[in-house]
Amino acid sequence: MQPRRQKRLAAVILVIALLTGAVAAMLYALQQNIDLFYTPSQLVEGLGKDKVKPVPGQRLRIGGMVVPGSVQRDPNSLKVSFDLVDTGPLVRVTYEGILPDLFREGQGIVAQGILVDATTIDASEVLAKHDEEYMPPEVAEAMKGIKHVPPSQQTTSEAPVKEGRY
Amino acid sequence: MIAEAGQLALTFAFALSLLLAIVPLYGSFTARQNMLLLAKPLAFGQFIFSLLAMAALVYAFRTNDFTVINVAQNSSSTLPWYYQITASFGSHEGSMLLWVLMLAGWTALVAQFSKALPLLLQGRILGILGLISAGFIAFSLFMSNPFARSLPFYPVEGRDLNPLLQDFGMIMHPPTLYMGYVGFAVAFAFALAALISGRFDSVWARWVRPWALSAWLFLTLGIMLGSWWAYNELGWGGWWFWDPVENASFMPWLAGTALIHSLAVTEKRGTFKSWTVLLALAAFALSLVGAFLVRSGVLVSVHSFATDPGRGLYLLAFLLVVVGGSLLLYGSRMNSVRSQARYQLFSREMLLWGNNIFLLTACLIVFLGTLFPLFHKELGLGSISIGEPFFNQMFYYLTIPFALLLGLGPWVRWKQQQVLPLVRPLGLVAVAALIVALGVLASMQSVQANLALLGMLLGAWVGISALAEVMLRARQFGSVSKGLTKLNASHYGMTVAHIGFAVLVIGVAMTKTYTIERDVRMQEGDTAEVAGYQFTLTDVYDLNGPNYGGQAAELDVRQNGNFVTHLHAEKRFYRIQRTVMTESAVHARLSRDLYVSLGEELPDNAWALRIQVKPFVRWVWLGGLLMALGALLALADKRYRRKITDPGVSHA
């Protein structure tokens with residue numbers, strides 16, 4: 001082969017090798033990092049036509065409404081637990097840490113975590129969107145036809161200021 | 001009245017953009033000089049009327065004209081005046097108008113600073129920019145009118161600006177980011193104009209380079225400001241979340257970075273021509289993809305605006321027309337372009353080509369990672385999420401070879417480089433990098449084989465190599481001090497930008513490895529110890545701001561008993577929007593940030609607090625700033641201001 005062709009061949013092989021490597025690495029990483037999304041009823045009854053239920057230890061995302069009155073706090077730590085619901089069964093979520101600013105009872109949230117048993121999830125992250133009317137689209141879809149109760153009117157803290165910083 | 005005047009101004013701008021799109025382009029094919037000459041005044045007119053429209057919108061916001069829906073939904077009379085101004089581009093409608101204004105601004109700049117360009121090319125570039133403007137102004141006018149009124153029933157008070165956007169970072173972030181996004185339209189127009197003429201050479205590359213560089217400069221700054229804003233305002237202490245909208249800005253950045261490197265090859269060596277054109281098309285196409293993703297609401301994100309399928313459809317159609325049309329033109333014209341230059345396997349051309357491959361692979365990863373959940377859902381396979389771990393893992397793999405090549409790149413000559421002469425200097429650089437990396441970690445008493453060591457090694461390799469290369473080049477002029485004054489500004493630009501990348505890599509690796517985060521429950525007087533710092537909660541009291549209430553916490557920080565600083569963290573409750581926002585307290589030093597955010601109130605007068613010690617997190621933004629500074633230096637290079645006149649102009 002002419003040296004120029006050789007060079008071109010080397011370049012093409014290099015590109016193909018790099019691309020194959022990149023795609024392989026990407027598929028591998030994807031396989032490890034995809035988290036399926038469930039609603040509480042899907043979690044309990046199974047997802048899709050085949051009614052596939054997640055197994056304990058699986059990483060997943062769950063989205064639903066926080067059941068009013070279900071939030072329980074541990075008095076000595078930041079441990080908190082609450083129930084999520086969409087159309088039927090309840091799923092318990094446990095979490096340790098600071099809840100997002102917009103976490104309220106009656107509000108739609110998404111939690112990411114690990115399934116502990118059939119109806120309990122140990123969450124590593126709790127997300128609530130910065131919008132009062134917000135409900136995760138997945139939840140909204142699963143709850144079609146069901147009325148979304150807006151978050152209860154929270155009392156504002158408008159007591160006089162002790163220290164005049166503003 | 002003023003709002004109607006604004007709408008009228010926008011309509012005039014639309015008419016002018018249509019004229020700008022039609023007249024000069026028609027003139028360029030029929031060889032009518034008077035038509036080509038019209039391009040410049042039309043471009044200025046379009047800019048002036050867009051500016052008037054924006055001014056009218058700002059006026060409506062400042063005067064609390066709640067009959068305008070946009071104002072009523074995004075502002076209030078209690079909002080401070082500076083946020084009333086920024087609220088004008090805080091909504092979907094307003095930000096679209098800002099986008100239009102920026103595009104018109106770039107078009108006017110091109111019209112002003114393209115005297116050196118042949119008239120024919122000038123007319124075509126401005127015509128194509130006019131075409132793009134027409135598309136966006138039509139979108140603003142017909143799909144998202146920022147001046148729409150709600151007469152006769154209008155609210156007496158507005159719904160206030162989203163509290164997330166009430167921050168200094170938010171004043172700066174959108175305009176800078178949009179300048180970057182839209183700036184790539186100029187490179188796009190240059191590429192299309194050249195495709196029409198079928199003329200590509202190093203002169204063309206020299207014309208495009210400053211425009212691509214300035215767009216890249218703004219995009220870099222915009223992304224960096226967004227990251228800084230998220231760090232301060234979201235209260236999690238994170239600076240990059242791989243959120244779909246962040247990814248939407250990151251993709252054109254990656255393509256743009258590839259473009260400015262590829263342009264260097266086209267300018268200096270007259271090769272990589274078709275590749276450069278493709279990148280110029282891709283950078284702007286990805287900006288449009290970003291606009292579509294953000295505004296159509298197909299992706300779930302903290303940024304997404306109110307969703308409207310009609311808007312998404314319009315943008316998708318626009319995107320398809322722009323991308324499809326330009327690719328068609330590219331396919332039909334590009335086979336005639338041949339590069340003459342020859343180069344060997346080990347040459348700067350090949351290394352820059354490697355740079356492009358890595359950047360585009362990164363771009364592809366971000367693209368797939370962002371859109372995969374969408375496809376997955378549309379195919380009926382269920383909703384999924386692809387988060388941080390995926391992107392982090394992929395960028396970990398990519399950064400290592402990329403940084404190794406980057407340290408090597410500037411040393412290698414064009415055309416052909418012998419291996420042997422480089423072994424000694426680069427060996428020395430490698431040894432120096434090893435010593436620096438181990439030295440820094442040893443001084444922190446944590447030499448381990450971890451991400452931080454890898455990041456330090458790569459960063460030191462890139463940084464020291466860039467500095468040593470400047471010294472070497474300077475020495476070629478005789479003495480170092482004489483050489484340093486003789487080097488091109490663009491050479492310094494490259495060096496500074498590469499050092500910026502090194503700083504960024506070090507910052508990311510160090511802060512990822514050594515950040516310590518603790519969520520604690522504290523009462524007044526309690527002390528929590530995090531990473532050798534003692535945080536004492538001294539006081540929690542109620543706040544009373546102009547449009548918010550809430551609580552503030554005061555903390556004293558000591559290290560081994562010595563007073564370090566006082567921190568003031570707030571949890572604001574915005575009354576009108578009824579939302580809670582965290583204003584975190586940050587004490588910043590080059591080597592570490594102390595970061596405290598106030599969480600929710602717990603029983604027994606206790607509070608949840610998130611306390612973080614984040615080493616080297618400033619370096620992440622410092623790296624971005626240095627990259628932008630590098631682009632600025634490169635822009636200052638004399639050769640972009642040399643007058644180039646081409647006598648053979650007026651034939652098509």
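Trainee: Which domains does the assignment give for chain B, and what are the bounds of domain 4?

Mentor: In this predicted model, the domain assignment of chain B gives domain 1 (1-166), domain 2 (169-395) and domain 3, which is written in two pieces as 418-513 + 624-629. The list is completed by domain 4, whose bounds are 516-616.

Trainee: How far apart do the C-alpha centres of domain 2 and domain 3 of chain B lie, and which residue classes does domain 2 bring to the contact?

Mentor: The C-alpha centres of domain 2 of chain B and domain 3 of chain B lie 27 Å apart. The contact takes five residues from domain 2 of chain B and five residues from domain 3 of chain B. On the side of domain 2 of chain B that touches domain 3 of chain B, the classes are four nonpolar, one polar and no charged residues.

Trainee: In what order do the strands of the four-stranded open sheet of chain B stand, and which strands form its edges?

Mentor: The pairing in this open sheet of chain B is antiparallel, and the order of its four strands is 2-10-9-8. Neighbouring strands of this sheet are turned by 15 degrees against each other on average, with direction ignored. Each edge strand pairs on one side only, and the edges are strand 2 (516-522) and strand 8 (585-588) of chain B.

Trainee: How many bridges join strand 9 to strand 10 of chain B, and which residue is the partner of B:Glu601?

Mentor: Strand 9 (residues 592-602) and strand 10 (residues 606-615) of chain B run antiparallel and are joined by nine bridges. For B:Glu601, the bridge partner in strand 10 of chain B is B:Trp607.

Trainee: What is the strand order in the five-stranded open sheet of chain B, and by how many degrees are its neighbouring strands turned on average?

Mentor: This open sheet of chain B is antiparallel in its pairing, and its five strands follow the order 3-4-5-6-7. Its edge strands, each of which pairs on one side only, are strand 3 (527-530) and strand 7 (579-583) of chain B. Between neighbouring strands of this sheet the average turn, direction ignored, is 25 degrees.

Trainee: Which residue of strand 7 of chain B stands opposite B:Lys571?

Mentor: Strand 6 (residues 562-574) of chain B pairs with strand 7 of chain B in the antiparallel sense, over five bridges. Within strand 7 of chain B, the residue that stands opposite B:Lys571 is B:Thr582.

Trainee: What pattern of helices and strands does chain A follow along the sequence?

Mentor: Chain A holds three helices and seven strands. Read along the sequence, these elements of chain A follow the pattern α-β-α-β-β-β-β-β-β-α.

Trainee: Which strand of chain B is joined to strand 1 of chain A, and which residue is the bridge partner of A:Ile34?

Mentor: Strand 1 (residues 34-38) of chain A is joined by three bridges to strand 1 (residues 384-386) of chain B, and the two run antiparallel. Strand 1 of chain A is also joined by three bridges to strand 2 (residues 59-66) of chain A, and there the two strands run parallel. In that parallel pair the bridge partner of A:Leu36 is A:Leu60, whereas across the chains the bridge partner of A:Ile34 is B:Ile386.

Trainee: Where in chain B does pLDDT stay under 50?

Mentor: The mean pLDDT of chain B is 89, and 96% of its residues reach 70 or more. There is nevertheless a stretch for which the model has 16 contacts beyond four places in sequence and over which pLDDT stays under 50, namely residues 644-652 of chain B.

Note on methods:
Residues numbered from 1 in each chain as written. Chains lettered and ligands numbered in written order. Predicted model: local features only at pLDDT ≥ 70, side-chain atom pairs only at ≥ 80, totals over all residues. Pairing = 2+ DSSP bridges. Axes fitted to C-alpha atoms, helices over the stretch in contact; angles between N-to-C directions. Domains from an automatic or database assignment. Contact = placed C-beta atoms within 7 Å. Nonpolar A, V, L, I, M, F, W, Y, C, P; charged D, E, K, R; others polar. pLDDT = per-residue confidence, 0-100.
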